[in-house]
Amino acid sequence: MLRVIDVSKSFGGLQALKGVSFEVEEGRIHALIGPNGAGKTTMFNIINGFLKPTSGRVEFLGRRISGLPPHRIALMGIARTFQIVRTFPEMSVIENVLAGMGKEIYRSWGVFFKTPWNQENVKKALELLRLCGLEDLKDFAASTLPIGLQRKLEIARALATSPKLLLLDEPASGLNDQETAELAELFRKIRDFGVTILFIEHDMRFTMGVADFVTVLDYGEKIAEGKPKEVSRNPRVIEAYLGTGSEISA
Ligand SMILES: Nc1ncnc2c1ncn2[C@@H]1O[C@H](COP(=O)(O)OP(=O)(O)O)[C@@H](O)[C@H]1O
Ligand SMILES: [Mg+2]
């Protein structure tokens, strides 16, 4: 579904990504992990068009997407969420999801109001809220939700663009154990709903429990990839995480 081919990215003298290649297969929950500063968010920014690679390219469903602007990439079926939650705080929960249906969410803030508040859209929004366990909260202002529910709302809003691939940057950050378990359940529902997931995570227990496949970055390089069990036993991966305070367990 997604092919990252020999992608490098430099910021001045700093090489954030060094010739990274990997593929995301359709129907998978795929994790992109690695210590802080490994280049994970930079990779997401390249995939969704916020940044252009210094060299290399990205293909989505057989078409080159690197170099296209973010809104074009979004229209092709890639949605994302951010490391820091970005819901629209003043809007209600359902309005946040309807806003996502504008598809051109990245272009300007004005676009949301063009999302027709018609029966079909409201029905779809309610369906997504149900999927994410937020249906009963639809009329609350987004800002009144605890962080765990805001993260789910962000996912519901991203799903409102009807993406084929969902990019989630540290979706479990700031969540308690209960919320993290619910998030894993939501990931599986989303996959069964037909949406492929590529996510960045720090929480190794969560990652190893939910991912079908894991790609590991360290200092801008891919150091390992495979099934969670294989990756968590890989000496290079263990070494990369030593001293970072992160724990690996399958
Ligand atoms: N816009 C930018 N300008 C300069 N340096 C950046 C920029 N974005 C990221 N970096 C640097 O690139 C490296 C990788 O960052 P990032 O992709 O955010 O890592 P991760 O998400 O894995 O923690 C870091 O050293 C970071 O400081
Ligand atoms: Mg990051």
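**View 1. A turn at Tyr 219 in the predicted model.** Tyr 219 sits in the loop that connects β9 (213-218) to β10. This is a predicted model, and here it gives Tyr 219 a positive phi, near 45°, although the residue is not a glycine. That is worth a second look, as most residues other than glycine have a negative phi. Tyr 219 has 15 other C-beta atoms within 10 Å and is therefore partly exposed.

**View 2. Asp 6, another residue with a positive phi.** Let's move to strand β1 (residues 2-11), where Asp 6 is located. The phi of Asp 6 is positive, about 50°, and Asp 6 is not a glycine either. Asp 6 has 13 C-beta neighbours inside 10 Å, so it counts as partly exposed.

**View 3. The surroundings of ligand 1.** Which residues surround ligand 1? They are Phe 11, Leu 14, Ala 16, Gly 34, Asn 36, Gly 37, Ala 38, Gly 39, Lys 40, Thr 41 and Thr 42. Two elements, β2 (14-24) and α1 (40-47), give two or more residues each to this shell. The most comes from α1, with three residues. Sorted by class, the shell has four nonpolar residues, six polar ones and one charged one.

**View 4. Ala 16, a member of the ligand shell.** Stay with the residues around ligand 1 and pick out Ala 16, which belongs to strand β2. Is Ala 16 buried or exposed? Ala 16 counts as buried because it has 23 C-beta neighbours inside 10 Å, and 20 or more is the cut-off for that label. Leaving aside residues up to four places away in sequence, Ala 16 touches Lys 9, Ser 10, Phe 11, Gly 39, Thr 42 and Gly 220. Asp 218 is 202 residues away from Ala 16 along the chain, yet their C-alpha atoms are 9.8 Å apart.

**View 5. An open sheet of six strands.** Following the sheet across, you meet its strands in the order β6-β7-β8-β3-β9-β10, and their pairing is mixed. At the edges are β6 (78-80) and β10 (221-226), each of which pairs on one side only. On average, neighbouring strands are turned by 20° against each other, with direction ignored. Within the sheet, β7 and strand β8 (residues 196-200) run parallel and are joined by five bridges. In one of these pairings, Asp 169 has Ile 200 of β8 as its bridge partner. Helix α6 (residues 177-192) packs on the sheet, where it touches β3 (29-33), β7 and β8. The direction of α6 makes about 145° with that of β8.

**View 6. Where the two domains touch.** The protein chain is split into domain 1 (1-77 + 164-172 + 198-250) and domain 2 (80-162). Contacts between them involve 13 residues of domain 1 and 14 residues of domain 2. On the domain 1 side, α1, α2 (70-76) and β7 (165-169) supply at least two residues each. That side is made up of eight nonpolar, three polar and two charged residues. Helix α1 is one to keep in mind, as it also contributes to the shell around ligand 1.

**View 7. Helix α3, wrapped by its neighbours.** Why is helix α3 (residues 93-100) described as largely enclosed by the rest of the structure? Because eight of its eight residues are buried. They are Val 93, Ile 94, Glu 95, Asn 96, Val 97, Leu 98, Ala 99 and Gly 100. The cover over these residues includes α4 (119-131) and α5 (147-159).

Definitions and conventions
Residues numbered from 1 in each chain as written. Chains lettered and ligands numbered in written order. Predicted model: local features only at pLDDT ≥ 70, side-chain atom pairs only at ≥ 80, totals over all residues. Buried ≥ 20, exposed ≤ 12 C-beta atoms within 10 Å, placed from the backbone. Helix = DSSP H or I, 4+ residues; strand = E, 2+ residues; numbered from the N terminus. Contact = placed C-beta atoms within 7 Å. Near = placed C-beta within 6 Å. Nonpolar A, V, L, I, M, F, W, Y, C, P; charged D, E, K, R; others polar. Domains from an automatic or database assignment. Pairing = 2+ DSSP bridges. Axes fitted to C-alpha atoms, helices over the stretch in contact; angles between N-to-C directions.
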